[in-house]
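Colleague: Please take one loop residue of this model and look at it closely. Then carry on through the strands, the charged contacts and the unusual backbone angles in one connected account.

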Amino acid sequence: MDKSKRAAVLAGNWKMNKTPEEAKEILNGLLPALKGADCTVVVCVPYTDLGVAVELCRGSNIHVGAQNVHFKESGAYTGEISPLMLVEAGVEYVIIGHSERRQYFGETDETVNLRAKAALEHGLKPIICVGELLEERENGTTEQVVTRQVKAALADFTAEDMANTIIAYEPVWAIGTGKTATSEQAGEVCGLIRRTVAGLFDAKVADALTIQYGGSMNPKNCDELLAQPDVDGGLIGGAALKVDDFTALVNSASK
Ligand code: PEP
């Protein structure tokens, strides 16, 4: 698989961490450290940090993302944020269908698809998360689960939509647990995702798609994971909150 056909994207998922003041501190550390990065760098911060992040990252090589988006432009959806609001705030990327959203907030394959389509319609780039639970890995249904999630998430997508989409393979059992998928496991499922996309569209679309691995990626295991032919970057939780660790991951993805 020829990686030069697609962009390496390293995205940090800050989850529900960091106040705007704390965000400033991290970003002021990352901005000089990542100046020479040879991959796309994204920080997906809490909504309340978006203003600070967009302001500080303006004109730099760090792109700003959100961690969710609603599928309507406005209305009676208390607590939600619309794609229009994100675009006006200067956001470029948005994580959709993270396993924590699926597990704690009732996110389904169908709402993942609605959110992703709404993001694309407004020019936001969705980072769509898929991945199996521990019990699904253990009972041998990983392939079935991930294929179902990918097909459902991409329902009604065009090839042009795919050019602006990233898929993140995040085995749920590896998120925030310190347990990483082996590079073979990560490579295998990312390969499966690419083949699924080739089946839905064609080889050209599949070859151009950035597929990230996420799940306890850190400076020690990143080289091996990122060397897998179908792994084009990472979605990073814990290590994204530490300037030195995130810098090391970006450097690894830049090689
Ligand atoms: C994540 O939340 O997307 C993630 C991969 O978390 P962590 O790196 O902490 O496992």
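**A loop residue and its wider setting**

Modeller: E73 sits in the loop that runs between β3 (62–66) and α3 (83–89). The model is predicted, and that applies to everything below. With a relative accessible area of 41%, E73 is partly exposed, because that class covers values between the buried limit of 20% and the exposed limit of 50%. The C-alpha atom of E73 is 8.1 Å from that of M85, and the two residues are 12 apart along the chain.

The strands come next. Strand β1 (residues 9–13) and β2 are paired in parallel through 5 bridges. One of the partners can be named: G12 has V43 of β2 as its bridge partner. Strand β2 (residues 40–44) has 4 of its 5 residues buried, so the rest of the structure largely encloses the strand.

Another run of pairings goes from β5 to β8. Strand β5 (residues 125–130) runs parallel to β6, and 4 bridges join the two. I127 stands opposite I166 of β6. On its other pairing, β6 is joined to strand β7 (residues 210–214), again in the parallel sense and over 4 bridges. I166 has T210 as its bridge partner in β7, so I166 has a named partner in β7 as well as facing I127. Strand β7 is in turn joined to strand β8 (residues 233–236) by 2 bridges, and these strands also run parallel. Here Y213 has G234 of β8 as its bridge partner.

The side chains of these strands can be sorted by direction. In β6 (residues 166–169), I166 and A168 point one way, I167 and Y169 point the other way, and all of them are buried. In β7, T210, Q212 and G214 are on one side and I211 and Y213 on the other; all are buried, and both faces are covered. With 5 of its 5 residues buried, β7 is therefore largely enclosed by the rest of the structure.

Now the charged contacts. A search of the whole structure gives 12 salt bridges. In one of them the side chains of R6 and D232 meet, with an N to O distance of 2.6 Å. R6 is in the segment before β1 and D232 is in the loop between α11 and β8, so this pair ties together parts 226 residues apart in sequence. Both R6 and D232 are buried. A second salt bridge is between K15 and E100, where the closest N and O atoms are 2.8 Å apart. K15 belongs to the loop between β1 and α1 (20–33) and E100 to helix α4 (residues 99–104), so the pair ties parts that are 85 residues apart in sequence. E100 counts as partly exposed, at 24% relative accessibility.

A third salt bridge joins K117 and D156, with 3.3 Å between the closest N and O atoms. The two are 39 residues apart and link distant parts of the chain: K117 is in helix α5 (residues 109–121), while D156 is in the loop between α7 and α8. K117 is partly exposed, with a relative accessible area of 22%, whereas D156 is exposed, with a relative accessible area of 62%. Elsewhere, salt bridges that share partners join R6, R194, D230 and D232 into one network.

D156 returns for its backbone. Most residues other than glycine have a negative phi. D156, however, has a positive phi near 70°, and the residue is placed in the loop between α7 (142–153) and α8 (159–163). S216 is likewise not a glycine and has a positive phi, of about 55°. Its place is in the loop between β7 and α11 (222–226).

Last, the surface. E143, E184, E188 and E224 form a negative surface patch. Of these, E188 lies in helix α9 (residues 183–200). E188 is exposed because its relative accessible area of 56% is over the 50% limit.

Key: Residues numbered from 1 in each chain as written. Predicted model: local features only at pLDDT ≥ 70, side-chain atom pairs only at ≥ 80, totals over all residues. Heavy atoms only, no water. Patch = residues over 30% accessible without salt bridge, like charges linked within 9 Å, V, L, I, M, F, W, Y side chains within 5 Å. Areas by Shrake-Rupley, 256 points an atom, 1.4 Å probe, with all protein chains shown as cover. Salt bridge = Lys/Arg side-chain N within 4 Å of Asp/Glu carboxyl O. Lys, Arg positive; Asp, Glu negative; His and termini not counted. Charge placed at Lys NZ, Arg CZ, Asp CG, Glu CD. Buried < 20%, exposed > 50% of the residue type's maximum accessible area, 1.4 Å probe, protein only. Pairing = 2+ DSSP bridges.
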